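Student: Could you take me through one part of this model up close? I'd like the ligand site, plus whatever you can tell me about the fold around it.

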Amino acid sequence: MNKRTPLIAGNWKMYKGCRQAVETAKTLLELASEVKDVDIMIAPSFTSLYLVGNILKNSNIKLGAQNICYQKEGAFTGEISTSMLLSCGCRYVIVGHSERREIFKEIDENINKKINAVINSGLIPVLCVGETEDQRDAGDTFKILDKQMELGLKDFFAEDLKNLVIAYEPVWAIGTGKTATDEQAQESHKFIREKIEAQFGKSLAETIRILYGGSVKPANIKQIMNMPDIDGALVGGASLDATTFSEVIKYK
Ligand code: PEP
């Protein structure tokens with residue numbers, strides 16, 4: 001058994017206005033405030049961060065953002081900086097989610113700049129990597145993961161990355177109801193951990209948390225968490241309802 005504290009993170013994507021976000025956060029707090037041995041994070045939309053941050057203050061549920069601008073401040077209309085996130089009480093930032101890569105054409109070079117900005121601000125980055133169905137069918141899964149890790153973490157040293165979280169999210173399993181088999185997920189997580197070891201050394205590889213994402217729900221979380229290199233989950237759809245998400249959090 002590994003000694004890494006599991007992290008269960010909820011990505012609310014572009015759902016919930018302020019009122020709904022507050023209600024969900026309050027309910028989740030009631031349902032999960034006693035959980036001690038699992039780290040918990042929720043990432044509402046930018047517009048709800050401040051309100052949800054106030055509800056979560058001093059609790060065991062940490063606040064995350066779904067994206068970030070790598071610039072500190074300036075004339076960047078529509079963008080959000082790390083200091084803005086900190087002022088809302090954020091601790092985590094999701095970077096390079098496949099929806100941003102695919103729909104908004106985010107490239108590894110910009111993801112690398114975002115990770116840099118997040119680390120420099122003291123926030124914790126959650127770097128998302130994962131292959132599409134076509135890439136898996138072509139036998140390119142490891143090649144894609146290797147490239148995303150290599151470019152996303154270019155020019156960092158191991159000490160920069162001590163809080164980094166990686167989320168392995170096979171794109172074909174996100175929001176589709178299709179989950180990678182435990183063996184498929186474990187194989188990719190092991191590859192990612194070995195890649196971290198090759199790039200940054202054994203110590204970081206042993207401590208870094210690698211989350212699985214892709215249609216995680218109460219019915220499959222326990223099995224997923226049994227895999228030796230899986231340290232938690234990034235949950236989309238099943239994080240929107242507080243009761244369902246609390247069941248994922250209380251998987252043990
Ligand atoms: C996600 O948004 O990162 C995700 C994994 O979504 P879902 O759980 O809905 O597949």
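**A look at the fold and the ligand site**

Tutor: Let's start with the scaffold, where helix 5 (residues 108-121) lies across strand 4 and strand 5 (124-129) and runs at about 160° to strand 5. Keep in mind that this is a predicted model. Helix 11 (residues 242-249) does its own crossing, lying over strand 1 (7-11), strand 2 (39-43) and strand 8 (232-235), at about 155° to strand 1. Those strands belong to a closed barrel of eight, ordered 1-2-3-4-5-6-7-8, with parallel pairing. On average, neighbouring strands in this sheet are turned by 25° against each other, direction ignored. Strands of a sheet pair through backbone hydrogen bonds, either parallel or antiparallel. For one pairing in detail, take strand 3 (residues 61-65) and strand 4 (residues 90-95): they run parallel and are joined by three bridges. Within that pair, Gly 64 stands opposite Tyr 92 in strand 4.

Now for the ligand itself. It is surrounded by 14 residues, and the closest are Lys 13, Glu 169, Gly 175, Ser 215 and Gly 236. Sorted by class, that shell has four nonpolar, eight polar and two charged residues. As for polar contacts, a backbone N or O atom of Gly 236 sits 2.8 Å from a ligand oxygen, and a backbone N or O atom of Gly 237 is also 2.8 Å from an oxygen atom of the ligand. His 97 uses its side chain instead, with an N or O atom 2.9 Å from a ligand oxygen. The protein covers 96% of the 290 Å² of accessible area that the ligand has on its own.

Technical notes: Residues are numbered from 1 along each chain as its sequence is written. This is a predicted model: local features need pLDDT of at least 70, side-chain atom pairs count only at pLDDT 80 or more; totals for chains, interfaces and linings use all residues. Side-chain values use heavy atoms; hydrogens and water are left out. A residue is near a molecule or strand if one of its heavy atoms lies within 4 Å of it. A polar contact is a pair of N or O atoms within 3.5 Å; within protein, one must be able to donate a hydrogen and the other to accept it, and residues adjacent in sequence count only if both atoms are side-chain atoms. Accessible areas come from the Shrake-Rupley method with a 1.4 Å probe; for residues, only the protein chains shown count as cover. Ala, Val, Leu, Ile, Met, Phe, Trp, Tyr, Cys and Pro count as nonpolar, Asp, Glu, Lys and Arg as charged, and the others, Gly among them, as polar. Two strands pair if DSSP finds at least two bridges between them. Helices (H or I, at least four residues) and strands (E, at least two) are DSSP runs, numbered from the N terminus. Axes are lines fitted to C-alpha atoms, for helices over the stretch in contact, and angles run from 0 to 180 degrees between N-to-C directions. Contact means heavy atoms within 4.5 Å.
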